[in-house]
Amino acid sequence: MDDSFQFEYRRELRSRQFFTLFSGMAIFVSCLGLLGLISFAIQLRTKEIGVRRVLGAESSQIVGFLLRDFGMTIAIANLIAWPLGYLMMSDWLRNFAYRIDFSPWIFVAAGVTTALAAMVTIGYQTIRASRMDPGG
């Protein structure tokens, strides 16, 4: 192996570590932002949740009602991110001598993972809010 190949390989490994670190940080900050957003939305809807509870709504119904609102936002975000991700990955992979094709399932898996993380965050806050005493 010549030195230029090893240098390129080391550079790619460093780039991978860099992107992994900052991707993890971006996901963490996104989840914190989502937590803040759902907390704010629930605070604004506290009376509505209380009225629904008084009228006999179960926690699962309240959770479902709030998840639907945020589910549409998550779906739109994925529809925007998938083509951008595809274009960026295609451009990046074009620089390699040996190319691989990537499956659309990568994007579906990323979308499902994103939706699950968002739903867990949203579900936790919503369940907590739906169990509050509507009287005070």
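Hi everyone, let me start with one residue, N78. If you set aside its neighbours within four places in sequence, N78 is in contact with P83 and G111. Keep in mind that this is a predicted model. N78 has its place in helix α3. Is N78 buried or exposed? With a relative accessible area of 12%, N78 is buried, because anything under 20% falls in that class.

Now, on to the nonpolar core. The largest one has 14 residues. Which residues have the most contacts inside it? Those are I42, I49, L66 and I122. As for where the core comes from, α1, α3 (59–93) and α4 (105–130) each supply at least two of its residues. Helix α3, the one that holds N78, gives the most to this core, with five residues. As background for those of you who mostly think about force fields, nonpolar side chains in soluble globular proteins tend to be buried together.

Let me zoom in on I42 for a moment. Again leaving aside neighbours within four places in sequence, I42 is in contact with I49, L66, Q125, T126 and A129. Two of the names there, I49 and L66, also appeared among the core residues with the most contacts.

Next, the aromatics, which I suspect some of you have been waiting for. How many aromatic pairs does the structure hold? There are three. In one of them, F18 and F19 meet edge-to-face, with 5.5 Å centre to centre and 70 degrees between the planes. That pair counts as edge-to-face because its planes are over 60 degrees apart. F18 also pairs with F22, and here the arrangement is tilted, at 4.7 Å centre to centre and 55 degrees between the planes. Where do F18 and F22 sit relative to each other along helix α1? They are four residues apart in helix α1 (residues 3–44), so about one helical turn separates them. Together, F18, F19 and F22 form one aromatic cluster.

And how accessible are these rings? F18 is partly exposed, with a relative accessible area of 45%. F22 is partly exposed as well, at 39% relative accessibility. F19, at 53%, counts as exposed, since the exposed class begins over 50%.

One last item, for anyone who likes a charge over a ring. R52 lies over the face of F65, at 3.9 Å from the ring centre.

That's my tour, so please jump in with your thoughts. Thanks for listening!

Key: Residues are numbered from 1 along each chain as its sequence is written. This is a predicted model: local features need pLDDT of at least 70, side-chain atom pairs count only at pLDDT 80 or more; totals for chains, interfaces and linings use all residues. Side-chain values use heavy atoms; hydrogens and water are left out. Rings of Phe, Tyr and Trp (its six-membered ring) pair if their centres lie within 6.5 Å; planes under 30 degrees apart count as stacked, over 60 as edge-to-face and the rest as tilted. Buried means under 20% relative accessible area, exposed over 50%, partly exposed in between (1.4 Å probe, protein chains only). A charge sits over a ring if NZ of Lys or CZ of Arg is within 6 Å of the ring centre and within 35 degrees of the ring normal. A nonpolar core is a set of buried Ala, Val, Leu, Ile, Met, Phe, Trp, Tyr and Cys residues joined through side-chain atoms within 4.5 Å. Contact means heavy atoms within 4.5 Å.
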